[in-house]
Amino acid sequence: MGIDLVTKYLPYVDEIFATESKHRLFTNRNYSWDGAHSVKIYKISTAKMNDYGRTGPAGGLWSRYGEVKDLNATTETMTLMKDRSFTFTIDRLDADETAGQLEAASALARQIREVVVPEVDSYVIAQMAAKAGNKPEASALTAENIYKAIITGSNALDSAEAPEKDRVLLVTPDTYLLLKQSKDVNMETDVGNEMRLKGVIAMVDGMPVIRAPAARVPANFGFMLAHPSATVAPEKLAEYTTHSNPPGISGSLVEGRIVYDAFVLENKAKALYLHQLPDQTDDQT
């Protein structure tokens, strides 16, 4: 006669590891989409410098200050394109008979943490990478050359006159490992708790180091230097609702909707420097 062994279900969930949102550390929300689907911003030209003429013609299109030119005012349009949603139900008995682990509030928090946040981060970083104004030829990174690669990026931002303050170094775990192995990199790891809570793990060359999961960056991503002024990352709507016992359902109906996008400003694209790695498929051929 066989023995039926006891199976015990513990009131714990094997959660998937997920990190917090990263993109807010290197983007801005300086423009408002309230009441609008698209926003236009002006780009105004400037006038060249001339040698002042103490004598000479004056009048018409010429003066002693030089030839009179009209300034141009063009516009740049930013239209929100990402309108995303999700929905799921939780039966009342399922919630009761899983020791409360299948509960609407915790399930919603899990959905945001493991699905919504990674999607938004991935999209924003992909837009920044695609439109970065500085993209040198792809090259491999090693512990020996990574510091030179980073200061080369800093030099590119300096040449573009991007602000020195608030620059951020975005790396993958593999790149961060190289930083830790490099003899040339003097990493400041004594980062305040407030900065650590925001995702800053160290300082290199005066820049906060943000480590993003490899799944949230494009293929062949080495690192990126970014100034927040270059990228606008609005979230016009982030609405999450839990309905208790809606018509036709005994339990909870959870719905969520988020409207977001990312725009690299044309005049500030040079404040983004992307170091790309060689395509691995090329290395194998």
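pLDDT is the predictor's confidence in each residue, from 0 to 100. The structure here is a predicted model, in which local features need pLDDT of at least 70 and side-chain atom pairs count only at pLDDT 80 or more, while totals for chains, interfaces and linings use all residues. Residues are numbered from 1 along each chain as its sequence is written, and side-chain values use heavy atoms, with hydrogens and water left out.

Confidence first. The chain averages a pLDDT of 84, with 83% of its residues at 70 or more. A weak patch sits at residues 5–18, where pLDDT stays under 50 and the model has eleven contacts (heavy atoms within 4.5 Å) beyond four places in sequence. Among the elements (DSSP runs numbered from the N terminus, helices being H or I with at least four residues and strands E with at least two), E14 has the highest mean pLDDT, 98, and helix H6 (residues 280–284) the lowest, 59.

On to helix H3, which runs over residues 146–159: its 14 residues reach 20 Å from first C-alpha to last, close to the 20 Å expected at 1.5 Å a residue (that expected span being 1.5 Å times one less than the number of residues). Its buried residues are Ile-146, Ala-149, Ile-150, Gly-153, Ser-154, Ala-156 and Leu-157; buried means under 20% relative accessible area, exposed over 50% and partly exposed in between, with a 1.4 Å probe and protein chains only. They share one side of H3 because they cover an arc of only 155° around the axis, taken from the directions from the helix axis to the C-beta atoms. Lys-148 and Ser-159, on the other side, are exposed. The buried set packs against helix H4 (173–181) and against strands E6 (168–171), E8 (207–211), E9 (221–226) and E14 (272–276). Just after H3, Glu-161 takes a positive phi of about 60°.

Helix H4 buries Thr-175, Tyr-176, Leu-178 and Leu-179. These, too, lie on the same side of their helix, because their arc around the axis is only 155°. Asp-174 and Lys-180 are exposed on the other side of H4. Cover for the buried residues of H4 includes H3, E6, strand E7 (200–204), E8 and E9.

H4 also gives the most to the lining of the largest pocket, with four residues. About 370 Å³ of space lies in this pocket. Of the 17 lining residues, Asp-174, Asn-220, Phe-221, Leu-277 and Gln-280 are the closest to its centre. A pocket here is an open set of points on a 1 Å grid over the protein atoms alone, where a 1.4 Å probe fits, with protein on both sides within 12 Å along at least five of seven lines; lining residues have an atom within 4 Å of a point.

Methods. Grid points are joined across faces, edges and corners, and a volume is the space filled by probe spheres set on the points.
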